[in-house]
Amino acid sequence: MFARWLPAAINTRPAEWSRAAIGMSLGTLFSVWCCAKVFGMGVALHLIGPLGASAVLLFAVSSGALAQPWSILGGYFTAAVVALLVAHVLGRGLGSACLAAGMALILMCWLRCLHPPAGALALLLVLADPATIALDWLALGSVMLSALCMLFSALAYNNLTRIRYPKSHKEKVPVIPADHPPIDPAGITAEDLKRALEDMQEFFDVTPEDLELLIHASELHARRRSIGEVLSSRV
């Protein structure tokens, strides 16, 4: 039981950690700076928590489903609208904030824009600082400006550092050569993986296309390993 608490190995190199860390720092700085220029530093700093969490997703795990453009834009917009509505109707209390976060989660799932930092954003906008409260519905503008700046930073930085972003939903699956046929003759398609994910009924930050690419790459490695073992036994 305790072994399940141990962290899994991270399949990335320190160079990738450094690349993501620099991108996160620059992206967060740029987003806060732009928001401060328009809405003031107090409002910008109030949003820095969700922005930092979004930066981790957009720069460190940019291939994940939760880090795609619609996730951050739709998630932030949904959370902001719900939070402001709840604040106007029920007031600005702890219970209202938690209710807003829960409602935002349901809407994000329905709109397919689940973005975890947006949950924190909903809490912050209900329990806002005086500067943000004074903006009233204009606070939605500060939220979306910050999200757009963070997204622009991720688009520019990731692609400049040779990380394709955003992730396409129709990535080309590598063609397996004729002398390296798949291990499973029936094959597994993205549609099969999509249905399997639906059967599990849990949140997984991965797309069926990513799983399909991983399975085909695994088949190639398995085939090469098996051929190598056969040649070694003959020698």
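The paragraphs below move from the overall fold of this predicted model to one residue and then to one helix.

Taken as a whole, the protein chain contains 10 helices and 0 strands, and reading along the sequence one therefore meets the pattern α-α-α-α-α-α-α-α-α-α, in which each helix is counted as a DSSP run. Of the 235 residues in the protein chain, 39% are buried, while the area that the chain exposes comes to about 14,000 Å², with carbon and sulfur atoms supplying 69% of that area. The contacts show how the chain is brought together: when those between residues at least 6 apart in sequence are considered, 75% of them join residues at least 24 apart.

A single position can serve as an example of the interior. T132 belongs to helix α7, which covers residues 130-135, and this threonine has a relative accessible area of 4%, which is under 20%, so T132 counts as buried. Once the neighbours within four places in sequence are set aside, the residues in contact with T132 are V43, H46, L125 and A139.

One of these contacts, A139, leads on to helix α8, which comprises residues 139-160. Because each residue should add 1.5 Å, the 22 residues of helix α8 are expected to span 32 Å, and this agrees with the 32 Å that separates its end C-alpha atoms. Just after α8 the backbone at R162 adopts a positive phi, of about 65°.

Notes: Residues are numbered from 1 along each chain as its sequence is written. This is a predicted model: local features need pLDDT of at least 70, side-chain atom pairs count only at pLDDT 80 or more; totals for chains, interfaces and linings use all residues. Side-chain values use heavy atoms; hydrogens and water are left out. Helices (H or I, at least four residues) and strands (E, at least two) are DSSP runs, numbered from the N terminus. Buried means under 20% relative accessible area, exposed over 50%, partly exposed in between (1.4 Å probe, protein chains only). Contact means heavy atoms within 4.5 Å. Accessible areas come from the Shrake-Rupley method with a 1.4 Å probe; for residues, only the protein chains shown count as cover. The expected span of a helix is 1.5 Å times one less than its number of residues.
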